[in-house]
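Grab a pencil and work through these exercises one at a time. Each task comes with a solution that goes step by step.

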Amino acid sequence: MVTSRDVARVAGVSQATVSRVMSSYPGLAPATRAKVLEAMETLGYVPHAGAQAMKTRRSNVIGVVVADLTNPFYSEILDELTKELDTAGMRVVVWNAGGGSHHDALKAIRERAVDGVVFTTATEESVELEAAVQQRSPIVLINRVVDGLDCDKVTSSNHSGGAAVAEYLVAHGRTRVAFIGADDQASTSRDRAKGFLARMRELGHPVHSRNQFHGDFSHEFSATTMGTLLARKNKPDAVFCANDYLAFGALDTLKTANRTSSECWVIGYDDIEMASWSLFDLTTVRQPSREMARVGAQLLLQRISTPDAPFRTVEFPCELVIRGSTRD
């Protein structure tokens, strides 16, 4: 049976260095890490996960909680997270937040079944999450944030992104507008709405409460809401949706009703890959989802290796991308 001692001999390093590579210990020279990994592959060495976990008190497993994998935004986040963590020698376990699986993720970190958890979805009412953070469990929030929660966070400038949408619409004479988003428990929708609505007021075109819709991030909700808006006598000339998935629902209803983009502009948020497809050609606010995921993974790995380091919040700027859904 091939042992870690054999790997050390072939790689020309100490057995302790081999252990550090297997436990993703920070600070190792890339060349050293590469030599050890090459020796492991040459010898066909596979470390015993259970024995390694007992020795290092680490599982080399990271949990990732996502909101809804049918939304391509979360697929993009997960894809980049997996790549970054795999490079660091970590395996990934994914929980879909539906059905209360975030409870399972928090239970796993309490029981040390995972070394840390990345939350791409979190709400203000998550008492268990707050308790885990207070116990200094390695947790990183990506995309969503929870006010007052002391942990590492990666987000984008949602408030200014919403404000940029308002400025663009007013500059082009679109002032009879509506907003479609989720409830205030989702920080993304809440902050995008705040930035948008506040800037509309400042520009002299406040959005009436009857044109503000807060439900969930589903295609069905936005499609139904858009149908309600189109049935009104005083129809909106533009709709801002809190994410691209909602915007797709609004566009579907417009198409079904044989309405053109010139009659009602639609703007989304995120700029997922599908937004640029000719089928949608969606004007949207771009946030760098893949870069956010990479930074989130790096923050979590640093938190695991240095538990007492100061918490960090990284906020990325956003950019309004103009496409055909706002074309006269």
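**Exercise 1. Find out how strand β4 sits between its partners.**

Start with β3 (residues 116-119): this strand and β4 pair in the parallel sense over three bridges. Pairing here takes at least two bridges found by DSSP between two strands, and strands themselves are DSSP runs (E, at least two residues; helices are H or I, at least four), numbered from the N terminus. For one concrete bridge, look at V117, whose partner in β4 is I139.

Before going on, a word on the ground rules. This is a predicted model, where local features need pLDDT of at least 70 and side-chain atom pairs count only at pLDDT 80 or more, while totals for chains, interfaces and linings use all residues. Residues are numbered from 1 along each chain as its sequence is written, and side-chain values use heavy atoms, with hydrogens and water left out.

Next, take β5 (residues 152-156), which runs parallel to β4 and is joined to it by three bridges. Here V140 stands opposite D152.

Last, check the side chains of β4 (residues 139-142): I139 and L141 point one way, V140 and I142 the other, and all are buried. Buried means under 20% relative accessible area, exposed over 50%, and partly exposed in between (1.4 Å probe, protein chains only).

**Exercise 2. Describe the largest cavity.**

First, the idea: on a 1 Å grid over the protein atoms alone, a cavity is a set of points where a 1.4 Å probe fits but cannot get out, and lining residues have an atom within 4 Å of a point. The volume is the space filled by probe spheres set on the points, which are joined across faces, edges and corners.

Now the size: the largest cavity has a volume of about 70 Å³.

Then the walls: α5 (72-87) and α9 (187-202) each give at least two residues to the lining. Among the lining residues are F73, Y74, R192 and D270.

Finally, sort the lining by class: three residues are nonpolar, four polar and three charged. Asp, Glu, Lys and Arg count as charged; Ala, Val, Leu, Ile, Met, Phe, Trp, Tyr, Cys and Pro as nonpolar; the others, Gly among them, as polar.

**Exercise 3. Compare the phi angles and settings of D270 and D281.**

Begin with the background: most residues other than glycine have a negative phi.

D270 has a positive phi near 125°. You'll find D270 in strand β9 (residues 265-270), buried at 4% relative accessible area.

D281 also has a positive phi, near 45°. D281 lies in the loop between β9 and β10 (283-286), and at 24% relative accessibility D281 is partly exposed.

Key: On a 1 Å grid over the protein atoms alone, a cavity is a set of points where a 1.4 Å probe fits but cannot get out, and a pocket is an open set with protein on both sides within 12 Å along at least five of seven lines; lining residues have an atom within 4 Å of a point.
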